[in-house]
Amino acid sequence: MSGQATPGTVTVTMDGTNKSTKLQLIDGTIGPQVADIRKLYSDLGIFTYDPGYGGTAACDSKITYIDGDEGILLHRGYPIEQLATQSSFLEVAYLMLNGELPNAAQKADFDAGVMRHTMVHEQMRSFFQGFRRDAHPMAVMCGVVGAMSAFYHDSLDINNPEHRRISAFRLIAKVPTIAAMAYKYSVGQPFVYPRNDLGYAENFLYMMNAVPAEPYHVNPILARAMDRILILHADHEQNASTSTVRLAGSTGANPFACIAAGIASLWGPAHGGANEAVLKMLAEIGSVENVKHFLDQVKDKNSHSRLMGFGHRVYKNFDPRAKIMQQTCHEVLGELGIKNEPLLDLAVELERIALSDDYFIARKLYPNVDFYSGIILKAMGIPTSMFTVLFAVARTVGWVSQWMEMIEDPSQRIGRPRQVYTGSPQRDFVPASQRG
Ligand code: ACO
């Protein structure tokens, strides 16, 4: 098969035959052109093969744009660097859901609308008792967020825009409450009710850290840092968990079930579980003297170990979020008066050596968002097992926005990839008595 581009189309000819077809090229606002391959099977009788979907656009989207070669990330056109330093998480949530930044009245309305939904159904409290205390909080998140569809069935009609709007508010508002409850359950402390007079990140830290026995004031530096961390994780185009949410949503499944599927997908160490894995890795390396030995191990194909927090399917340059995260890490540690954090020193050295190593240079492996986030979260007193949960809290905004966009897209169809079948050809059943 050979491909030949003409303006606006690509002609695909099957070598050795007289069969060919013209594929329409689609232009996005920015980014590479995309060939519409839908006619390939009907015209030539062939499918495309793309395990891991590295070269496949599965949908149209107006929410997030990534240029992996240049290290650019835009949400609704705004650079992540500007949003992270000048906006707030709920404002970014509004932007993602609505396409434009809110004016003051719209922002006040949206913030109040989200915060009004922070409490969970009282009966949900007993739902937690079914989990072992030592359950990973991500396991609890998958279960309890999925169970929201059993508690809020007054908003499950996905064809009703008002139901979709309420479900979106409920998810963005209640996921932090459920996350904090999962943590409190794991340490045997009473659940803390949300406080709607606090900001979104501030309230989350309050629910995580407060206890009924004494007053608790959220440190504003930590609240600001948490808000920024949430912005940095809010959305990232068609990554594994977002694609999971879209695929589940394409069947008409309710939004709570779809977000629970996204949480399950995020859990893996190749995706959202990487920030937890980075901290474990740094602890295992132990000190700067061991970095070289560790990197030798990572480069050895038989070891199956990876430099966690490095590499990305799309970024072949610095992940722009990693740069902001590194800067935030230094700021947070500085403001908390932490002068010597051995893990940070180790991470800086690890990054320095890796970035000058031919193995990482040749493969264009750079630090991703997770390389520094674990160190900040640890300094903020967040337990390691909650790192991925926090990612899920932030990403809920992206998942919900992408789910909404998909449902509102008239061309949306059920997601149904094909395969290259490599199993046995058709054969006849052999009764057990005649098998050798
Ligand atoms: N350490 C060592 N080698 C690596 C790493 C790494 N972190 N990442 C990729 N490589 C190597 C691979 O072994 C492969 O080498 P080869 O060509 O000699 O076989 C080459 O680089 C290409 O790697 P792929 O696995 O094909 O890259 P892919 O795009 O499939 O994987 C991924 C991307 C999963 C993120 C990978 O880089 C990785 O496992 N990183 C560590 C985990 C991590 O930090 N995940 C967080 C991602 S960001 C996020 O989800 C928020």
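# Briefing: a three-strand sheet, salt bridges and Thr 396

Four bridges connect strand 5 with strand 6, and the two strands run antiparallel. The structure is a predicted model. The points below cover the sheet to which these strands belong, a selection of the salt bridges, and the surroundings of Thr 396 in helix 18.

**The sheet of strands 5, 6 and 7**

- The sheet is open and has three strands in the order 5-6-7, with antiparallel pairing.
- Strand 5 (64-67) and strand 7 (78-79) are at the edges; each has a single partner strand, so one side of each has no neighbour in the sheet.
- Strand 6 (residues 72-75) is joined to strand 7 by two bridges, and this pair runs antiparallel.
- His 75 has an opposite residue in each of the other strands: Thr 64 of strand 5 faces His 75 in strand 6, and Tyr 78 in strand 7 also stands opposite His 75.
- In a regular strand, side chains alternate between the two faces of the sheet.

**The two hairpins**

- Four residues lie between strand 5 and strand 6, which form a hairpin. Gly 71 is in the turn of this hairpin and has a positive phi of about 70 degrees.
- Strand 6 and strand 7 also form a hairpin, with two residues between the strands. Here Arg 76 takes a positive phi near 50 degrees.

**Salt bridges**

- The whole structure contains 18 salt bridges. Three pairs and one network are described here.
- Lys 39 and Asp 43 form a salt bridge through their side chains, at 3.7 Å from N to O. Both residues are in helix 1 (residues 39-44), four residues apart, which is about one turn of the helix.
- Are the two partners in helix 1 buried or partly exposed? Lys 39 has a relative accessible area of 40% and is partly exposed; Asp 43, at 34%, is partly exposed as well.
- The side chains of Arg 170 and Asp 154 meet in a salt bridge at 2.9 Å, N to O. This pair links distant parts of the chain, 16 residues apart: Arg 170 belongs to helix 7 (residues 161-187), while Asp 154 sits in the loop between helix 6 (137-151) and helix 7.
- Arg 170 has a relative accessible area of 11%. Arg 170 therefore counts as buried, since the cut-off is under 20%.
- Asp 319 makes a salt bridge with Arg 321, and their closest N and O atoms are 2.7 Å apart. Asp 319 is buried, with a relative accessible area of 0%, and Arg 321 is buried at 2%.
- A network of salt bridges links Lys 292, Asp 296, Lys 299 and Asp 357.

**Thr 396 in helix 18**

- Thr 396 lies in helix 18, which covers residues 387-408.
- With 1% relative accessibility, Thr 396 is classed as buried.
- Which backbone oxygen does the side chain of Thr 396 reach? The partner is the backbone oxygen of Ala 392, at 2.6 Å.
- Leaving aside residues up to four places away in sequence, Thr 396 touches Leu 171, Ile 172, Val 175 and Ile 259.

Methods. Residues are numbered from 1 along each chain as its sequence is written. This is a predicted model: local features need pLDDT of at least 70, side-chain atom pairs count only at pLDDT 80 or more; totals for chains, interfaces and linings use all residues. Side-chain values use heavy atoms; hydrogens and water are left out. Two strands pair if DSSP finds at least two bridges between them. A salt bridge is a side-chain nitrogen of Lys or Arg within 4 Å of a carboxyl oxygen of Asp or Glu. Buried means under 20% relative accessible area, exposed over 50%, partly exposed in between (1.4 Å probe, protein chains only). A polar contact is a pair of N or O atoms within 3.5 Å; within protein, one must be able to donate a hydrogen and the other to accept it, and residues adjacent in sequence count only if both atoms are side-chain atoms. Contact means heavy atoms within 4.5 Å.
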